[in-house]
Structures are given as C-alpha cells and as structure tokens.
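Subject: Handing over a structure

Dear colleague,

I am passing this structure on to you, and below it you will find a short account of what turned up in it. Please read the notes with the structure open beside them.

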Number of protein chains: 2
Amino acid sequence: MSVDDLRPVRPATLEDVARVAGVSRATVSRVVNARPTVDPALRRKVQDAIEATGYVPNQAARSLVTRRTDSIALVVSERERRDVAASFVGRVFTDPHFGRVVGGLLEVLRPAGVPMALMLVDDEDSRRQLLSYLRRGHVDGAVLISSHASDPLPQLLSETGLPAVIAGNPAGSATLPYVEVDQRAGARMAVDHLVSLERRRIGTITGPQDMPAARERLTGFHRALAAHGISDAPTAEGDFTQAGGAEAMRRLLSEHPGLDGLFVASDLMAQGALLTLERRGLRVPHDIAVVGFDDSEAALACEPPLTTIRQPVEEMAAEAARLLLGQITAREAPPASSIFRPTLVERASA
Amino acid sequence: MSVDDLRPVRPATLEDVARVAGVSRATVSRVVNARPTVDPALRRKVQDAIEATGYVPNQAARSLVTRRTDSIALVVSERERRDVAASFVGRVFTDPHFGRVVGGLLEVLRPAGVPMALMLVDDEDSRRQLLSYLRRGHVDGAVLISSHASDPLPQLLSETGLPAVIAGNPAGSATLPYVEVDQRAGARMAVDHLVSLERRRIGTITGPQDMPAARERLTGFHRALAAHGISDAPTAEGDFTQAGGAEAMRRLLSEHPGLDGLFVASDLMAQGALLTLERRGLRVPHDIAVVGFDDSEAALACEPPLTTIRQPVEEMAAEAARLLLGQITAREAPPASSIFRPTLVERASA
DNA sequence: CTGAAAGCGCTAACAG
DNA sequence: CTGTTAGCGCTTTCAG
C-alpha cells in the first residue's frame, strides 16, 4: 500500500521484466520473440513477469537494432487537382476499385501481422513528405497505386531502394515490379461478346486517357474491332465516375444515335450510362447491348445487371502483397511482375 | 577511383556527417532539427556534408530518445460482417462521407508534416493487432472513426492512455473526446423545411439503427414531427447505400403510397430513393418533396439536385486533428469535445 | 540453454 | 555557440 504500488509512470522495459522474473534481459527477449531455445520453466516465469508488469515491447528500440518496422505502406498517388467538387481524397475513396485493392492486400497482410499505413500523394509537397517518411525507415516496404502516366513517383520510389511493388501498370516504365491485368485482352473479350450478339455498331466510353489502364482498354477495343473488320469506333471519354459515364453516354448518343453495342471501361461509368439510356427510352440489351469492366459491386446494382469483364482485383492485390513481403524477407533482387487474365461475366445487359 | 568511391552499403549516420563536416554530432543534430543556435558558417558546412553523404535521419533512433514518432493513426472500426457482397473494406471506401473525413484531417495534418497511417478494424483479431500496434508506440496518437454502438474499441483505446479523438459520437460512452454534428437538430431542420412546404404526410428512410448517428437522426425526426402535431411517422430502414435507399423507398411506398414529404438520413440513400420515385412516375418535389442528409457529392448528382442537411464534415475532421495534435504536444488532460451545427442547403428536391 | 557485454543512431543535459 | 557525455530499450554475438 505504499507509493510503489501506484501504476508506474514509466512503462515497463525488458529490464524490469528480467528483474521480476529473476533472469537476464536476453532470456526475456528470447521469450518475447518466441525463440524455441528457452527452458519451459524459465519461460513460464518470464511470461508471468510480463503479465505482472504489463510489458509491451518498444518498437523504436527494436527497430533500431533489427532495422525492421514490421509494417508497410500503401501509397496512393493521384494527379493534382485543385477543384473542390472532385477533391482527390473523395475520388479515391469513392472508387470501389480501390476498396477491393485494400481488401486484397489485407487478406495477406493481416494473417502475416503486418500493419499497413495508407499514404496519399497528390502534389509536390505531399510527395516530398512521403519520400522523407519512407527514407527515414518508417516502414519496410510499399505498395504503390499510381494511376496516371506522368507520375514521377515510381521512379523516385525505386531510387530509394526500398522494397516496393506497383499495383497496376506503371505507364510502361517498369522500374519496379508490378501486378496487372491484361487490359487489352479484357477489351477484346467485351468486343468479341458484343459481336457474337450480332452487334456491329459498337461504341465505347473510355476512362481518362492519361491513365495507362484506360488507354490500354481503348487500344484493345480498337484492335478487336479491327479484327472483326469494323472500322468505325464511336468514342466518348469519361472520368471513371457514374456521373461522368451518364454524361459521356449523352454525348455518344447525340453523335451516334444508332449504336447497338457499347463497351464501357468501368462498371461505375456503365451504371451512369445505363441511367441515360433508360431516360432516353432505350432498352438494354434489346436496343443496345452493354458490357462493362471490373465486375465491381456497381455491376450488380445496375438495371439490368451488367455483363462485364472481371478483373481479379483482390487476387492481384494479394499477389502484390505477397511479392512485397517476399522481397522484404529475402532482401533479394526484385521479383518478376505478374499479369493476370480477365474473364467475361455474363449477366443481363449483353 | 578506389573501392571507397562506391556508394556505401551502410546509410550515412550523424557520425559520418559530423566527420565530413569536421564538427561534433551534436552540432549536426542541431542543424538537422533546425535549432536556431548554430553559427551560420558551420551550418553551411554541415548542410554540405549532409548533401554529400546523402544523410537521412534514422527514425527509430530518434524515436527511441524523443519518445515520439511524429505520425498518427486513423482507425476505422466497423462491425464484423462476413458476407462477401458487402465486404467491410468496400463499404468504408465507397462511402463518400469517409473520403471527406480523410480530406479534412489531411488539411491539418499535412501542413503540420504529420503522416497518417490508416488502420482498419473489423473483428477481434484485427482489433488485437491494432492495439498492439498502438501500444508498441508506432504512432503518437489516433483519430477513431467508430460508427456502431456496441464497439468496445473506444473504451480499449482510452485504456491505452494514448492521445485519441473520436470523429463522431461514440455511442454515448464518452471515454474519449469527440467531434460531432448535432444530428437531432439536423433532422429537425429537414422536417421544419418540409412542413413549411405544406407537407404533412412525411416519411423517413433511416440508417442502420445500431449506428448512433442514424438513431439520433431518427429521434430528431420523431421529435420534430411531434412538435408540429404530426403523429404518424412512416419509416423504413436503409443501410446508407444507394441500393439500400432505393429498396427502402419501395417498401415505404408500398405501405404508404400517399407520402408527400420524405427525409432521408443520407444523400447516398436519397439518390437511390429518387431513382425509385422516378421509376414509379412520382415527380419530385411536386408529388413528394425530398430532403437528404450530409450534403455530399451525391446530392449534386441527384436528379433533381437534392435539398439536404449539410454537416461540415471537413471542418469537423480538421478540428479533430487539431485536438489530437494539441493533446500530443501539450500532454495535458484530454480536451473537451466539440459539437457542430448543421445547416439546410436548399436545392430543387424540396 | 543462459548471461554478459557491445552496440544500433540519435537527442539532451551540461560544461566550456 | 559548440563539444562531451550519457543514455533511450532492445537484439545479438560470444562465452560459459
């Protein structure tokens, strides 16, 4: 009942535990780190002492010697946009694709006990902050999501020497290993499907053309059309949002009223396009067959349910996490990139 | 041109810089930490040496002595759900409200140079991992977003003694300071507005009733109705998603076909409700006036544009960040919570 | 299998 | 204004 019974202001250290258990710091350390070479009896004493003192390892001290933090960063890099209406953060988090990526990463990281810090980069300033954060050794590695072509971050990141993997194709400049889906093949599958449905007047709503993925899908679309001997390719650019898809559909329709097939570069935009079609009194798929891309939740929320190209986003993200973890553990040369194949998911819209 | 010219395998330390600059470690430390008490001439020499060696401070070593990491965590805690269709991560990131919170936090954190690690918690396991992460001293404090009533996390977090602030009301148990909007007042403003439009048959689409915010809005709705002498209150529960709103609207309509006013507890659900109304041939606001909640982007994407209750989400989040930073710096008793007032934003739907 | 001892890289008194 | 001197708490050889 003396002052000593008060909870210590200073958190317990390894030293404290060692004293209570009557062993050396080294032994406590072994127990904490689950080393097998400890006498069961001592192990018990140490565990009791840990319990009694409420000991929690100090991460900084540990990192200082191990040079590991046992955590990684997820870096999301977007191009700068200063317009309030579509602020960066809102866009990223509203995109269902992003949620799926996070889900896939966590599937691997969680069981491994590796926490993930999310870092957002959208201008020079935040980029500098991020690089400094990474270089100071706050994390052991990073997964980078970078959607726009002119992003300097992949290059800068690779120069830090920190283990890193890109989720998505880094605009050709493969300075880092990446995980990606074969976008062109996906577009081709969409077109092939529309053609098999006897559609010949096929248009497309694309994503922003400064995003490699959007470009690839358009390229695939064009090539597939050409392969079927179709030369006309009505196109409208969207911005990967639902509202943008609705708007692009209006433009497409006003210039090409006779379309009977449509490939939309994302389900979210397709959802918007479908709304426009409904309001114009066009029936799907009777008047115009529609194929989306992603196979996200949006595809199911569509009326009618959307036929779409599935990218195995979660699996890809999980693979990215595995590659990164492997790279961190092995400290070897960066692993090879891996390309996944998309699949056609047939529902009611085409 | 000897072996010594090779880039060092070992990153430069303060010691290296000191040697190159011909000063002591302490002086280099002072320069790195921008202490004013350094002779300009020496300062230059040190800066050159830093440049030459490519020195970057080691965060672990620094944290070990300062007991600070200069970073914080954003903890998002959701109730467990194991159904694939609505996986946790997808839900969180698809919610525009969340994006706004992050934006508001970053507004304060970025200029302060404080990185934010995003941590997701949705089950016992991830909760344990989170607490361990926090206790090991990975971050200096945490902002918690916890939307469901029975969440044990606020309590557990408060027991760690780590500085923390809750964004949103923690289900009454105010063990931690929080920042919140007056939900009931918001609901009252919506009802008052509908009544001023001569509507008397007013229904509501609520959020999940295990979420305090949703409950508060419903309570406010009931009280406001009562204040106007209206006793009937048609209600349907939604899940804060667009599809859920559309579905709730269908149920509401089938049981109460004569509604002429509607309060929806979120813009996203209102967007869905509007779609249902359109398909039923009901005109808004002529046949039924609709008021949403949030004033998110969804409100503008609505057809017609949605009259809604604006919560100053970004400002609230910014305030939460300020409270947290203050608490970390001052190491004082937790600050008081703060309540913000909502406002009515009149557009075309009511 | 266990303990002693040597740092990891940095900041913070404290003298000078 | 600058340098010296102690550690911060932990892991890790290396002997025993």
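How many nonpolar, polar and charged residues does the lining of the largest cavity have? Before answering, I should say that this is a predicted model. By class, the lining of the largest cavity has ten nonpolar residues, together with two polar and one charged.

That cavity has a volume of about 180 Å³, and the structure holds four cavities of 30 Å³ or more. Its lining is made up of 13 residues, and those lying nearest the centre are Arg110(A), Pro115(A), Met116(A), Met119(B) and Leu120(B). Helix 6 (96–109) of chain A, strand 2 (116–121) of chain B and helix 7 (124–135) of chain B each supply at least two residues of this lining, and strand 2 of chain B gives the most, with four residues.

The second largest cavity, with a volume of about 130 Å³, has a lining of two nonpolar, ten polar and no charged residues. From chain A the lining takes Gln59(A), Ala60(A), Ser63(A), Thr69(A), Gly137(A) and His138(A), and from chain B it takes Gln59(B), Ala60(B), Ser63(B), Thr69(B), Gly137(B) and His138(B). The elements that give two or more residues to it are helix 4 (59–66) of chain A and helix 4 (59–66) of chain B.

Strand 2 of chain B, already met in the lining of the largest cavity, also belongs to a sheet. This is an open sheet of six strands in chain B, with the order 2-1-3-4-5-11 and parallel pairing. Strand 2 and strand 11 (338–340) of chain B are its edge strands, each pairing on one side only, and neighbouring strands of the sheet are turned by 20° against each other on average, direction ignored. Strand 1 (residues 72–77) of chain B runs parallel to strand 2 of chain B and is joined to it by six bridges; within this pairing, Leu120(B) in strand 2 is the bridge partner of Val76(B). Helix 7 of chain B lies across strand 1 and strand 2 of chain B and runs at about 150° to strand 2. Helix 8 (residues 153–160) of chain B also packs on the sheet, where it touches strand 1, strand 2, strand 3 (142–146) and strand 4 (164–167) of chain B, its direction making about 165° with that of strand 3.

In chain A, I would point you to an open sheet of six strands in the order 7-6-8-9-10-12, whose pairing is mixed. Strand 7 (235–237) and strand 12 (343–345) of chain A each have a single partner strand, so one side of each is left without a neighbour in the sheet. Strand 9 (residues 289–294) and strand 10 (residues 307–310) of chain A pair in the parallel sense over four bridges, with Val291(A) standing opposite Thr307(A) in strand 10. Helix 10 (residues 212–227) of chain A packs on the sheet and touches strand 6 (202–206), strand 7, strand 8 (261–264) and strand 9 of chain A, while helix 11 (residues 242–255) of chain A lies across strand 6, strand 7 and strand 8 of chain A, at about 150° to strand 7.

Lastly, an unreviewed UniProt entry carries the annotation "domain: HTH lacI-type" for residues 12–66 of chain A. Over those residues the chain is 69% helix and 0% strand, and the end C-alpha atoms are 21 Å apart.

With best wishes

Note on methods: Residues are numbered from 1 along each chain as its sequence is written. Chains are lettered from A and ligands numbered from 1 in the order in which they are written. This is a predicted model: local features need pLDDT of at least 70, side-chain atom pairs count only at pLDDT 80 or more; totals for chains, interfaces and linings use all residues. Side-chain values use heavy atoms; hydrogens and water are left out. Two strands pair if DSSP finds at least two bridges between them. Contact means heavy atoms within 4.5 Å. Axes are lines fitted to C-alpha atoms, for helices over the stretch in contact, and angles run from 0 to 180 degrees between N-to-C directions. On a 1 Å grid over the protein atoms alone, a cavity is a set of points where a 1.4 Å probe fits but cannot get out, and a pocket is an open set with protein on both sides within 12 Å along at least five of seven lines; lining residues have an atom within 4 Å of a point. Grid points are joined across faces, edges and corners, and a volume is the space filled by probe spheres set on the points. Ala, Val, Leu, Ile, Met, Phe, Trp, Tyr, Cys and Pro count as nonpolar, Asp, Glu, Lys and Arg as charged, and the others, Gly among them, as polar. UniProt positions are given in the numbering used here, feature names are shortened, and annotations may be inferred rather than shown by experiment.
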